[in-house]
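Please open the model in your viewer and keep the selection tool at hand. The stops below are meant to be followed in order, with one selection made at a time.

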Amino acid sequence: MIRRKKKDKRRVRNAKESIYDGIKFRSNLELFTYKELKKNKINFSYEEHRFNLIEGFNYTPDCWQKGKKKKKTTFVKAQKNIKNTTYLPDFCNLEDNWIIECKGLKTDVFVLKWKLFKKYLKDNNLQYKLYMPSNQSQVVETIKLIKND
């Protein structure tokens, strides 16, 4: 069994991180998208707009769950303060009403967050067009759709 170090927790699975223009990209697909948006002179921001999907709260009853120690039998009282659940899109232009989420591998956590994000947009009457390219040809198609809009 391969264990990831704590600092690798947010790393995209099977993705190669890179730095370009002083920006750290989590995958080559994100870097490709960045270059294509620049090449086509489309205004955008990269990982700047965070959406708060679920407000944090304090859970007052006791909650017991598996602890972080190596022993599987460790059972500890869970933390009562629950943090916000947020979503940070890869690329967006909120003035032009579009968001791009580059996604190769879709984890169960991502699928749930994506649904929550769509519900957040619907509940707040936000009419953003959402694009989720999974490869370079889909990025090129996304750019064409944005330019033709």
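The tour goes from a helix to one of its residues, then to aromatic pairs, and ends at the surface. Keep in mind throughout that this is a predicted model.

**Stop one: helix 1.** Select residues 28-39, which make up helix 1, and place a distance between the end C-alpha atoms: they are 16 Å apart, in agreement with the 16 Å that 12 residues should span at 1.5 Å a residue. Now colour its buried residues, which are L29, E30, L31, F32, T33, Y34, E36 and L37. What do these buried residues pack against? Their partners are strand 1 (18-20), strand 2 (23-25), strand 3 (45-46), strand 10 (91-93), strand 11 (98-100) and helix 3 (136-148). Following helix 1 you will find K41, whose phi is positive, near 55°.

**Stop two: L37.** Staying in helix 1, centre the view on L37, which counts as buried because its relative accessibility is 0%, below the 20% cut-off. Leaving aside residues up to four places away in sequence, L37 touches I42, F44, F91, W98, I100 and I143. For one of these, F91, the C-alpha atom is separated from that of L37 by 9.5 Å, although the two residues are 54 residues apart along the chain.

**Stop three: the aromatic pairs.** Searching the whole structure gives 13 aromatic pairs. Select F25 and Y46 to see a tilted pair, with 4.8 Å centre to centre and 50° between the planes. Since F25 belongs to strand 2 and Y46 to strand 3, this pair ties together parts that are 21 residues apart in sequence, and both residues are buried.

Move next to Y87 and W114, whose ring centres are 6.0 Å apart and whose planes stand at 70°, so the pair is edge-to-face. Here Y87 lies in strand 9 (residues 85-87) and W114 in helix 2 (residues 108-123), so that distant parts of the chain, 27 residues apart, are linked. Y87 is buried, with a relative accessible area of 4%, and W114 is buried as well, at 10%. Extend the selection to F51, Y87, F110, W114, F117, Y120 and Y128, which ring pairs link into a cluster.

**Stop four: the surface.** Finally, select I54, F57, Y59 and I82, which form a nonpolar patch on the surface with about 340 Å² of accessible area together. Is Y59 buried or partly exposed? With 38% relative accessibility, Y59 counts as partly exposed, and Y59 is found in the loop between strand 5 (57-58) and strand 6 (64-66).

Definitions and conventions:
Residues numbered from 1 in each chain as written. Predicted model: local features only at pLDDT ≥ 70, side-chain atom pairs only at ≥ 80, totals over all residues. Heavy atoms only, no water. Helix = DSSP H or I, 4+ residues; strand = E, 2+ residues; numbered from the N terminus. Expected span 1.5 Å × (residues − 1). Buried < 20%, exposed > 50% of the residue type's maximum accessible area, 1.4 Å probe, protein only. Contact = heavy atoms within 4.5 Å. Patch = residues over 30% accessible without salt bridge, like charges linked within 9 Å, V, L, I, M, F, W, Y side chains within 5 Å. Areas by Shrake-Rupley, 256 points an atom, 1.4 Å probe, with all protein chains shown as cover. Salt bridge = Lys/Arg side-chain N within 4 Å of Asp/Glu carboxyl O. Phe/Tyr/Trp six-rings, centres within 6.5 Å; stacked < 30°, edge-to-face > 60°.
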